[in-house]
Amino acid sequence: KMVLTTGDLKTFELTPEAASDQFEADRGLLTNRAKRTRIAESFGEALSLGWRDTKEDVLMVYRFLQKLGSGQVSPFLMRGVLTIGQVAYYQASSGLSSLLVFLAMLSANLAVVNFLPIPVLDGGHFVFLSLEGLRGKPVSERVVVAFHWLGLCFILSLMVFVLGLDVTDLLSR
């Protein structure tokens with residue numbers, strides 16, 4: 001049991017309960033998210049707000065990946081292109097600004113994922129270039145090709161996995 005005291009010193013006793021549709025992993029509490037829209041008053045403020053939101057989106061992806069790797073978040077919570085399409089449609093029906101915010105968040109996600117050290121992605125190329133810089137000579141082409149095939153298999157497997165999750169989710173509705 002938990003006790004909540006409000007600003008006017010009223011006290012409430014809370015009993016946590018499991019909820020499958022509104023679980024916030026960071027807090028473990030049943031919550032409804034508040035949606036807040038801030039409209040910039042100048043172009044400079046718009047740039048500042050956009051930069052702040054993009055930075056938050058990038059950090060959110062890193063936190064998700066860290067929790068995914070540590071087992072705090074199930075890989076079955078990931079979704080793929082079908083869910084992205086559904087969310088994009090929903091955001092577009094809410095207005096152009098909602099769609100643009102969603103697309104910015106999606107772009108930040110893709111930027112982070114693209115820079116992961118997985119061969120065939122830019123992050124994998126960066127690893128090989130770093131190794132070349134440290135060693136003073138390129139990594140053997142056979143090694144690079146083998147790692148690129150492994151990276152490609154991993155990426156394709158991940159795509160099939162999340163697409164399967166999308167289809168399963170779609171069929172269960």
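Strands β1 (residues 2-5) and β2 (residues 11-14) run antiparallel and are joined by four bridges. Keep in mind as you look at them that this is a predicted model. To find one of the pairings yourself, start at Leu4, whose bridge partner in β2 is Phe12. Between the two strands of this hairpin there are five residues, and Leu9 takes a positive phi near 65°.

Here are the elements named in this report, so you can find them in the structure.

| Element | Residues |
|---|---|
| Strand β1 | 2-5 |
| Strand β2 | 11-14 |
| Helix α2 | 81-94 |
| Helix α5 | 141-172 |

Now let us move to Asp166, which sits in helix α5. Is Asp166 buried or exposed? Asp166 is buried, yet it has no salt bridge. The nearest side chain of opposite charge belongs to Arg79, 4.3 Å away. A salt bridge needs a side-chain nitrogen of Lys or Arg within 4 Å of a carboxyl oxygen of Asp or Glu, so a pair at that distance does not count. Leaving aside residues up to four places away in sequence, Asp166 touches Arg79, Gly80, Val81, Leu82 and Thr83.

Asp166 also helps to line the largest cavity, along with Leu82, Thr83, Gln86, Asp169, Leu170 and Arg173. Two or more of the lining residues come from each of the elements α2 and α5. How much space lies in the largest cavity? The answer is about 40 Å³. The count of cavities of 30 Å³ or more comes to one.

Terms used:
Residues are numbered from 1 along each chain as its sequence is written. This is a predicted model: local features need pLDDT of at least 70, side-chain atom pairs count only at pLDDT 80 or more; totals for chains, interfaces and linings use all residues. Side-chain values use heavy atoms; hydrogens and water are left out. Buried means under 20% relative accessible area, exposed over 50%, partly exposed in between (1.4 Å probe, protein chains only). Lys and Arg count as positive and Asp and Glu as negative; His and the chain ends are not counted. Contact means heavy atoms within 4.5 Å. Two strands pair if DSSP finds at least two bridges between them. On a 1 Å grid over the protein atoms alone, a cavity is a set of points where a 1.4 Å probe fits but cannot get out, and a pocket is an open set with protein on both sides within 12 Å along at least five of seven lines; lining residues have an atom within 4 Å of a point. Grid points are joined across faces, edges and corners, and a volume is the space filled by probe spheres set on the points.
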